[in-house]
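Here is a walk through one chain, starting from a single strand and working outwards. Keep the structure open and turn it as you read.

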Amino acid sequence: MNFKFVKVALAWGVVTGLCLPLSFGGGTIPCSTTGKAWALSSESVPLTSNIFVEIAKKQNPAVVSVRTKVKRKNHPSAPPGSPKNPGDQFRDFYDKFFRGQRPDQQPPQGGMGSGFIIDPDGYILTNNHVVAGAEELLVNLENDKEYTATLVGSDPKTDIALIKINRNNGDPGPFPHLKMGDSDGLEVGEWVVAIGSPFGLTHTVTVGVVSAKSRNINAGPYDEFIQTDASINPGNSGGPLINIKGEVIGVNTAIISGPSGGGNVGIGFAIPINLVKTIYKDLREKGTVTRGWLGVMIQKITPELAKAFELKDSDGALVGDVIPDGPAATAGIKRGDVIVKFNGQEVKDMEQLPKIVAQTQPETEVDVEVIRAGKMKKLQVRIAVLKDPQQQVLAKADPLGMQVQDITPELAQSLKLDTTEGVLVSDVTAGQSAAESGIRRGDVITEIDRSPVRNIEDYKRLTSNISGGRSALFLIRRGGSTIFIAVKVK
């Protein structure tokens, strides 16, 4: 069965962004005849009969519904390939989750999500996809008071946004607010409470447990979601996931949709609050997030690669390429190095390294330990600032949507190749030119447009001359044979 991870905004005339419904359906809490509920923990600690009632009473006032308004800028009959706009998202929403209704019967006007106040001055955390593209933000509190709000900052990579309530004249005192807890201290099986506005039903409280931690659902480069079965649906996105101490330990963000789309299947995801803490100051003070940049392209160490590089295990991140003049190149990190420790933290897998680097303060000098030719080597790297132009350079480094690497003698032996000439395809991005043309991971590229490809320098030189819209002829070695593949560059 194929499942999809979805972010779904609750439409009330339009969808402005995507809202991620999560689902916590942990079943009923077992109760005795006296009405006491018991937590199934290793210590069998009894919960008082009103623990969730108390959480609802104390935390509900700081949870808000967030409504957005946008203007539809493109005609609904815009040709395929036109830039996405709120109208497109609205149609996508109904096509996936409410088949049979025609979205163009109602002009899109807005969407709804959730959020929670984390400061007495009225700062609110929510999901970026809840507020993205909004021209007006409206916030409703539990006491039915409505305020306009201003976007303070957003971070699409973690799907977090910070907005602030615009106080009305004569508003008394501070706003109720929630305390951020410690998501690292969560245990699988621990009780959690979700509060939000599913389907517009404001301040809905649901209960479940932590099903798993550090889930990677390929939503972004810094995935480490909390998985939960507390019931969360469209409109819950941006709302808090709360522990039984009444502390926020996550921001509800995504669900796995069922086979027919739409509804949750009891598997939801929340952004850990500790990750939010690392970017909160930047969002509040600058509106954007400053991240560290190492300047390498890395890949997962498979058992075959571990054997080829004579590694004792698959821990670490293999450096497939080094960005010229970047921090790693300046420090002496080379292609083929395996990064096993960064700034004192062990790197157990490839996914871990970008998160550690991103949280490192730019202009900081850190120790990086690598395995090179079977020997441990320590290098000192001065971390730079990750900037959007740099990210665009990385994204455009290969216009075909794949990563390649030189064929070392070790790789040639492991892959049973009789030569080290050519480049090995180490990764292919779905939906890009290479993947759609049939190039696969593990292919060896030996020619491009009848010109020989001996190494990665030849590959970069030849691909840089391929203009968008035309096809390039690749000669591929696959298994024991060679094939030609025409790749059309988008």
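Start with strand 11, residues 225-228, which is covered on both faces in this predicted model. Phe225 and Gln227 sit on one side, Ile226 and Thr228 on the other, and all of them are buried. With a cut-off of under 20% relative accessible area for "buried", that leaves neither face of strand 11 open.

What does strand 11 pair with? Strand 10, residues 204-215, runs antiparallel to strand 11, with 3 bridges between them. You can pick out two of the pairings by eye: Val210 has Thr228 as its bridge partner in strand 11, while Arg215 is matched with Phe225. So both Phe225 and Thr228 turn up twice in this story, as buried residues and as bridge partners of Arg215 and Val210.

Strand 10 has another partner too. Strand 9, residues 191-196, is joined to strand 10 by 6 bridges, again in the antiparallel sense. Look for Ile195, which stands opposite Val205 of strand 10.

Now move along to helix 4, which covers residues 273-286. Its 14 residues reach 20 Å from the first C-alpha to the last, close to the 20 Å expected at 1.5 Å a residue. Even with that span, helix 4 bends by about 40 degrees at Ile279. Ile279 is also one of the buried residues of the helix. The others are Ile273, Asn274, Leu275, Val276, Tyr280, Asp282 and Leu283, so polar names such as Asn274 and Asp282 are on that list along with Leu275 and Val276. Just past the end of helix 4 comes Gly287, with a positive phi of about 85 degrees.

A positive phi is worth a second look elsewhere, because most residues other than glycine have a negative one. Two glutamates are cases in point. Glu310, in the loop between helix 5 (303-308) and strand 17 (317-322), has a positive phi of about 55 degrees. At 67% relative accessibility, Glu310 counts as exposed. Glu363 sits in the loop between helix 7 (352-358) and strand 20 (365-372), and its phi is near 75 degrees. Is Glu363 buried, exposed or partly exposed? With a relative accessible area of 45%, Glu363 is partly exposed.

Step back and take in the whole chain. There are 11 helices and 28 strands, and 49% of the 490 residues are buried. Of the contacts between residues at least 6 apart in sequence, 62% join residues at least 24 apart. The accessible surface comes to about 23,500 Å², with 50% of it belonging to carbon and sulfur atoms.

How far should you trust all this? The average pLDDT for the chain is 78, and 77% of the residues score at least 70. Over residues 73-108, though, the pLDDT is below 50, and this stretch has 46 contacts in the model beyond near neighbours in sequence. Residues 12-46 also stay under 50, and there the model has 138 contacts beyond four places in sequence. Where pLDDT is low, the predicted coordinates should not be read in detail.

Conventions
Residues are numbered from 1 along each chain as its sequence is written. This is a predicted model: local features need pLDDT of at least 70, side-chain atom pairs count only at pLDDT 80 or more; totals for chains, interfaces and linings use all residues. Side-chain values use heavy atoms; hydrogens and water are left out. Helices (H or I, at least four residues) and strands (E, at least two) are DSSP runs, numbered from the N terminus. The expected span of a helix is 1.5 Å times one less than its number of residues. The bend at a residue is the angle between axes fitted to the seven residues ending there and the seven starting there. Buried means under 20% relative accessible area, exposed over 50%, partly exposed in between (1.4 Å probe, protein chains only). pLDDT is the predictor's confidence in each residue, from 0 to 100. Contact means heavy atoms within 4.5 Å. Accessible areas come from the Shrake-Rupley method with a 1.4 Å probe; for residues, only the protein chains shown count as cover. Two strands pair if DSSP finds at least two bridges between them.
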